[in-house]
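Here are a few notes to go through with the model open in front of you. Tell me if any of the points read oddly.

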Amino acid sequence: MTATWKSLDFGNQYLFTSKEAYMQFGVFSVGDATPDPTNGRTPSERERIKAMIAIALKAEEVGLDVFATGEHHNPPFVPSSPTTMLGYIAARTEKLILSTATTLITTNDPVKIAEDYGMLQHVADGRVDLMMGRGNTGPVYPWFGQDIRQGVNLARENYALLRRLWREDVVDWEGKFRTPLQGFTSTPRPLDGVPPFVWHGSIRSPEIAEQAAFYGDGFFHNNIFWPADHTRRMVQLYRRRYAFHGHGRAEDAIVGLGGQVFMRKNSQDAVREFRPYFDNAPVYGHGPSLEEFTEQTPLTVGSPQQVIERTLSFRETVGDYQRQLFLMDHAGLSLKTVLEQLDILGEEVVPVLRKEFAVGRPADVPDAPTHESLRAAREGAVA
Amino acid sequence: MKLVAVSAGLSTPSSTRLLADRLAESVRDDLGTQGHEVEVEVIELRELALAVANNLVTGFPASQLASAIDTVTGADGLIAVTPVFTASYSGLFKSFFDLIDPAALTGKPVLVAATGGTARHSLVLEHALRPLFAYLRAAVVPTAVYAASEDWGAGGDEYTDGLPARIRRAGAELAVLMAARPPAEAEAPEDEVTALERQLSDLRFD
């Protein structure tokens, strides 16, 4: 399957946009309700949930391709029920791909994931994919009747079942972690018989890169908290194993990256405004300075041009890739600020990234997968 | 051969560093007489204190700390020396070893040593340092060296050897383990991916 082949299948409209369809750009949200360090104010759960929805709608408005929500089951995080939120966003958008970052494949019942996201796929006319993650909050496992020490095994068994539920109409199944299934049909069946595309998200577990490679699924590296060299090694491992498992060349593997930016017209303004949020950020605050962290990780705080240059450099780290998501709403940033950031991202940054990433990209590197491309591939395979 | 000493002393000059140097010298002399060329590197944790704290917060090591960790995990033998703080190893000493992969020191020859104001704390080596390295599955030599302030100005007595004799004995024990061990393999970045793949070898997906 090559980009050219797929482009031909979609007629003139697709040909017209195909140059820009190589990659998908979007935002992913953790969904933390964190006090704004500049005024001490914490948004209510309702405010934060509505803010996430506003951010998703804004993403479509400014021409981004993807909105992905986290899934968490402990305060201060609000998004415990992703498909409820994504279903609402589906009704208010037309083009946006709805995704997750991440769906907990360990503590969720894979049967419920199959049903929930099968349903969402129909509601959203196929604009759905999802990213599997293990979750690293110890108590969440026992709260859902599981054991964190079995995390990797849960991810393996649950995902193997999930795939069968989407690909076989009637499933007989027995495993270690859930009740056996006899004659079970997960409904609704995947839209057009095409299961949602799955990414596997991991920061440091080679087992997950291997799982993504084994199935020929996508691999997403969060790429926020670690030096670029670490991201490079994880992606390289995934690409090599993708080829090893016979899905194509290493360059055919489907790679997504996270990123974290804060922009103002003048870079000094960006640094000044973002510093208190950085210094108090729940995940990495009270540690290295903004300058150190910017040097050591992909975080970029500065002008739109600086963000463009830094993001383009990711290609040197992981090769031509398919999806770039940015973390924009966290650490207590106000909704107003985040929406301003999305305006800059959509108007000044992503259009340039689309053009620049297309330059020098070999024609046979696969496009970012969509429901349409997967359906076309399936029909091509059947015909 | 690569011998690495980790010193958690905080003052300059520090008796912890002094003990680390004396131990390293003893090991080098011992291996030298057996015909082994020994390269010694001393890591002063004081210089890495901020980087260690930052790693605890961010989850990844800054480059200088990363190379210190690589130096320790790549050594043929390790000397670990801490001052005694509040009846145990210092927090900085423990935090540094907290950042090392629990499997990275498996089988590594290690000599543990400590300094303190009074000899009454000498068992800290047995109730704190030795269990720490036992957990890490390192091969800790039988003699652990404790230097109280008074040891720097005293010889042995009828019950105990003096500090120089204890240093020589511990150094000889470490030298024996190092000489018996195949040299550590240098790990290039490319090999780390191979290492990751090795971790996967027992995982099968169905």
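1. Some vocabulary to begin with: strands (E, at least two residues) and helices (H or I, at least four) are DSSP runs numbered from the N terminus, and two strands pair if DSSP finds at least two bridges between them. This is a predicted model, in which local features need pLDDT of at least 70, side-chain atom pairs count only at pLDDT 80 or more, and totals for chains, interfaces and linings use all residues. Residues are numbered from 1 along each chain as its sequence is written, while chains are lettered from A and ligands numbered from 1 in the order in which they are written.

2. Chain A has an open sheet of 9 strands with parallel pairing, in the order β3-β2-β1-β13-β10-β9-β8-β5-β4. Its edges are β3 (97-100) and β4 (103-104), each of which pairs on one side only.

3. Within chain A, β10 (residues 255-257) runs parallel to β13 (residues 323-327), paired over 2 bridges. Across from G256(A) you'll find R323(A) of β13(A).

4. Have a look at the loop between β7 (181-184) and β8 (197-202) of chain A, where P188(A) sits. The bond from T187(A) to P188(A) is cis, with omega about -10°. D192(A) is in the loop between β7 and β8 as well; this non-glycine has a positive phi of about 55°.

5. Chain B has a cis peptide too, joining T12(B) and P13(B) with omega about -5°. P13(B) lies in the loop between β1 (2-7) and α1 (15-33) of chain B.

6. A331(A), in the loop between β13 and α13 (335-358) of chain A, is not a glycine but has a positive phi of about 60°.
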